[in-house]
Amino acid sequence: MGDDQSIGVIYVEDDEDVRIGGVQALELAGFSVSGFASVEAANVSVRPDMPFVVVCDVRLRGKSGLEWQADLRGLDQDLPVILITGHGDISMAVHAMRGGAYDFIEKPCSSEQLISVVRRAVEKRRLTLEVRSLRSALADRQGIEASLLGRSPQIQEVRRLVSTLAATNVDVTIYGETGTGKDVVARCLHNHSGRRAGNYVAVNCGGLPESLVESELFGHEVGAFTGATRQRVGKIEYANGGTLFLDEIESMPLSVQVKLLRSLQDRSIERVGTNKPISVDCRVVAASKTNLLELSEKKLFRADLYYRLGVAFIELPPLRERREDIPLLFEHFTLDAARRFERDAPILDEQTTSHLLAYSWPGNVRELRNVADRFVLGVLDGKAINKSGLGASDPSLPRQLENIERSIIEDALRRKQGDVQATAALLGIPKQTLYDKIKRLAVNVDGIREGSAVRSGA
């Protein structure tokens, strides 16, 4: 039963023979069951957030099952309560379901019917408690941990670096694939620094026309060029006393890199159209999805600018390398989307969770946020999931586990440039075991090696 065993069953029935039979049937199905003859006796075991579901007869000596169901709903409105009814109580049970009961079973019922209904209720309760736990963990997070969510060793190291560097004035370079959250880290560095009262100025270097880059960064004077009818304060000057975030700095034209380098060295700028220097004091956080040192060696990025910026580095892991963070991040994005769209936050089912964990996430955290938006809007149906690449032709658990295992091994091989022995050490398994898994899962080691060679310029 796995997860079902962690959720117990409270079974209330005053007919001893029926109670013993029901308890035995559920126990044989793998459930942990506590049987009681009355509501009053069972009530001692009830508390909010309890890992139980309730099965209760409607007609009991003392407090009835209907009365107790109403009490339980007041205590925990998401607690699944299954009512057992006689034939004459059907209309009463339907009314109770409208009032929040999970389901009802008509007497006499078969063991298979009882087990089926309880199993569904247990799964619902398990998901509810998991979501509550995640939401509680999200609510308890503060400071840097609230901005950089996750429990993986990789994201913990990122938080450590941000915490260390935020208190300094050193320039920082952030590396990471598209969508890994480089802007989030840059904002975190600013918000937790002594410059938080100053401006945080973000510039997408790849989104600026080359003819306007100098004006955007350094500003211009009236008449500096055709159309310059007003003086303009540039991004660097506007970031004085704060933080300048240069995203996709690898795409900055070489001609502008020269002027930026001089500004960083002198801590002053000259607006286009004047030779008058203006002092600026801003921290520079650069971000790139490409290794700037490798680009500089290929003469595609100025080496002197690289060394000027290269004081401290933060490398953001892709989402596929920190899969244990996906449930927490997805829940965070779900709650955020529910607030933005003014909708209730839905509970993630087990099948969709498996798809989320098995997917490779080429768009990283940004893509995960988009999927959460669709989830809250109710458009994450089968077609939407397949369009996102989240679907699986075979939804069986063994195939899903194979997909997850294959993805983890492929990611580890990429990190070790296809070196099987080093990968086995990274994964903490014997080399022969890894070879067996590679063969069974049809992992293309040669292709991974070739891809690593291309990326390293070999």
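This briefing introduces the structure by topic, from model confidence to individual residues. The structure is a predicted model, with a mean pLDDT of 85 for the protein. According to an unreviewed UniProt entry, residues 148–377 carry the annotation "domain: Sigma-54 factor interaction".

**Confidence**

- A pLDDT of 70 or more is reached by 90% of the residues of the protein.
- Over residues 1–5, pLDDT stays under 50, and the model has eleven contacts beyond four places in sequence for this stretch.
- Residues 382–389 likewise have pLDDT under 50 throughout, with twelve contacts beyond four places in sequence.
- Where pLDDT is low, the predicted coordinates should not be read in detail.

**The annotated span**

- Helix makes up 44% of residues 148–377, and strand makes up 13%.
- The C-alpha atoms at the two ends of residues 148–377 are 25 Å apart.

**The largest nonpolar core**

- The largest nonpolar core comprises 28 residues. Those with the most contacts inside this core are L217, I236, L244, L246, I249 and L260.
- Two or more residues each come from the strands β7 (200–204), β8 (243–247) and β11 (283–288), and from the helices α9 (210–218), α11 (254–266), α12 (292–297) and α13 (303–309).
- The element that gives the most to this core is α11, with four residues.
- In soluble globular proteins, nonpolar side chains tend to be buried together.
- Beyond four places in sequence, I236 touches L217, F218, L244, L260, I269, V280 and C282.

**Glycine 234**

- G234 is located in the loop between α9 and α10 (235–238).
- The relative accessible area of G234 is 1%, so this residue counts as buried.
- Apart from neighbours within four places in sequence, G234 is in contact with S215, E216, L217, F218 and G219.
- G86 and G234 are separated by 148 residues in sequence and, from C-alpha to C-alpha, by 78 Å in space.

**Cysteines**

- The model contains zero disulfides, for which two cysteine sulfur atoms would have to be within 2.5 Å.
- C56 takes part in no disulfide, and the nearest cysteine sulfur, that of C109, is 14 Å away. C56 is buried because its relative accessibility is 1%.
- C205 is also in no disulfide; the nearest cysteine sulfur belongs to C282 and is 13 Å away. With 5% relative accessibility, C205 counts as buried.

Note on methods:
Residues are numbered from 1 along each chain as its sequence is written. This is a predicted model: local features need pLDDT of at least 70, side-chain atom pairs count only at pLDDT 80 or more; totals for chains, interfaces and linings use all residues. Side-chain values use heavy atoms; hydrogens and water are left out. pLDDT is the predictor's confidence in each residue, from 0 to 100. Contact means heavy atoms within 4.5 Å. Buried means under 20% relative accessible area, exposed over 50%, partly exposed in between (1.4 Å probe, protein chains only). A nonpolar core is a set of buried Ala, Val, Leu, Ile, Met, Phe, Trp, Tyr and Cys residues joined through side-chain atoms within 4.5 Å. UniProt positions are given in the numbering used here, feature names are shortened, and annotations may be inferred rather than shown by experiment.
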